[in-house]
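Here is a briefing on one protein chain. Take a look at the structure before reading on.

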Amino acid sequence: MITLVGKSGKAAELPDVSAMPNRLNGIAIIESISRPELQRLAAKYNLSYRTLEESLDINETPNLTQRDGYHYLYVSLPNARANQKVNPITRPVLVVYNNHLLLIITSMHLSPVLPLTSLVGNLALARTVQSALVYFLTRVVESYDRYIKTHSNAISSVVAEIQTRRLENEVFLNLILLEDQINDFVSALTPLAPLLQRIQADRSIPLSGSNSDDITDAILATQQYIGICNSNARRITSIRDAYSTMTNNSLNSIMKTLTVATMLIAIPDLVFSFYGMNVHVPMQEVRNSFLIVTAIAVVATIVVIIWAKKRHLL
């Protein structure tokens, strides 16, 4: 019989240790945990407080260690409330487990990525701690799916937009933030696949056939998500490079046009400036000298235009 205790972030503090499950067939989910609560957990279950304390570090990377008969597994969960200025894109969740006990600890809220009520309800159906562990890990992997699809759709919309109109700076700022999220997801998912493989191959906590199959599916899904994230990152790089090339080509075209326009203005200006000097100049006494000078300027301008067109400058 598995006893299960859940402490949501809304609760004032962790239930008294006497209400916590014992070391045999127990599962506890604890959100928004504090240092005093970590100390009480460490004392009750004879855990490493230093290792537990790392769960408060939002920059903790996924890893798996074993100490004093317990496995300490850190996984990263997408943060639905992520804000680049305040909250991290992913947040660590510590899973402490052995054959008889499973503790899921986080310094933040699991909801809405993993609603606590739903999680507790499904974990309560698990017949063994191993089944509960596998269920939780598969839910962690599946939690990335919605966000990765959102990333792909956002990039596709930018690709469609770049074909119809000029992109604003805000679009590129959003792409930079999106690329940061993708890179953070890759950093969280890349170590997760080998960690799942270690759990599957661990003989000290053997998994049943169905649990092992679920872990295999989670490993494949993790590798697939990593591939999609890398593909999305490459697409963002391609968009930036393509738009940079288009902008440079447009700038080059504008510079060519301005150069030819400067030449077209300079030629008649040069001709008329000769005849604007207060000195004796050729054809000064000729009656139609103005028309002749104008004709020279026009012909010279036409010659330059023909030359520019042959050079594809216009």
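The points below go from the overall fold to ring pairs, charges and the surface.

This is a predicted model. The chain has 314 residues, and 40% of them count as buried. It is built from 8 helices and 6 strands.

**Overall fold**

- Along the sequence, the elements run β-β-α-α-β-β-β-β-α-α-α-α-α-α.
- Take the contacts in the chain with a separation of 6 or more: residues 24 or more positions apart account for 62% of them.
- The chain exposes about 17300 Å². Carbon and sulfur atoms supply 56% of that area.

**Aromatic pairs**

- How many aromatic pairs does a search of the whole structure find? The search finds 2.
- One pair joins Tyr144 and Phe185, with ring centres 5.1 Å apart. Their planes meet at 85°, so this pair is edge-to-face. The cut-off for that label is over 60 degrees.
- Tyr144 sits in helix H4 (residues 129-162), while Phe185 sits in helix H5 (residues 169-189). The two residues are 41 residues apart in sequence, so their pairing ties together separate parts of the chain.
- Tyr147 also pairs with Phe185, and here the ring centres are 6.4 Å apart. The planes are again at 85°, so this pair is edge-to-face as well.
- That second pair links distant parts of the chain too: Tyr147 is in helix H4 and Phe185 in helix H5, 38 residues apart.
- Put together, the ring pairs link Tyr144, Tyr147 and Phe185 into a cluster.
- Are Tyr144 and Phe185 buried or exposed? Both are buried. For Phe185, the relative accessible area is 2%.
- Tyr147 has a relative accessible area of 15%. Buried means under 20%, so Tyr147 is buried.

**Charges over rings**

- Arg146 lies over the face of Tyr147, at 4.5 Å from the ring centre. Tyr147 is thus part of the ring cluster and also has a charged neighbour over its face.
- Lys44 lies over the face of Tyr45, at 5.6 Å from the ring centre.

**Salt bridges**

- The structure holds 3 salt bridges.
- Glu53 and Arg35 meet through their side chains at 2.4 Å, N to O. Glu53 belongs to helix H2 (residues 49-53) and Arg35 to helix H1 (residues 35-45). They are 18 residues apart in sequence, so the bridge ties those two parts together.
- Both partners of this bridge are partly exposed: Glu53 has a relative accessible area of 30%, and Arg35 has 42%.
- Lys149 and Asp145 form a salt bridge at 3.3 Å, N to O. Both lie in helix H4, 4 residues apart, about one turn of the helix. Asp145 is partly exposed, at 24% relative accessibility.
- Which residue forms a salt bridge with Glu179? The partner is Arg240, with the closest N and O atoms 2.7 Å apart.
- Glu179 is in helix H5 and Arg240 in helix H7, so this bridge ties together parts that are 61 residues apart in sequence.
- Glu179 is buried, with a relative accessible area of 17%. Its partner Arg240 is partly exposed, at 31%.

**Surface and loops**

- Leu270, Phe274, Tyr275, Met277 and Val279 make a nonpolar surface patch of about 480 Å².
- Where does Tyr275 lie? Tyr275 is in the loop between helix H7 (209-274) and helix H8 (289-310). At 32% relative accessibility, Tyr275 counts as partly exposed.
- Asn46 is found in another loop, between H1 and H2. Asn46 is partly exposed, with a relative accessible area of 48%.
- Asn46 and Asp68 are 22 residues apart in sequence. In space, their C-alpha atoms are 8.3 Å apart.

Technical notes:
Residues are numbered from 1 along each chain as its sequence is written. This is a predicted model: local features need pLDDT of at least 70, side-chain atom pairs count only at pLDDT 80 or more; totals for chains, interfaces and linings use all residues. Side-chain values use heavy atoms; hydrogens and water are left out. Rings of Phe, Tyr and Trp (its six-membered ring) pair if their centres lie within 6.5 Å; planes under 30 degrees apart count as stacked, over 60 as edge-to-face and the rest as tilted. Buried means under 20% relative accessible area, exposed over 50%, partly exposed in between (1.4 Å probe, protein chains only). A charge sits over a ring if NZ of Lys or CZ of Arg is within 6 Å of the ring centre and within 35 degrees of the ring normal. Patches are made of residues with over 30% relative accessible area and no salt bridge: like charges are joined within 9 Å, nonpolar side chains (Val, Leu, Ile, Met, Phe, Trp, Tyr) within 5 Å. Accessible areas come from the Shrake-Rupley method with a 1.4 Å probe; for residues, only the protein chains shown count as cover. A salt bridge is a side-chain nitrogen of Lys or Arg within 4 Å of a carboxyl oxygen of Asp or Glu. Contact means heavy atoms within 4.5 Å.
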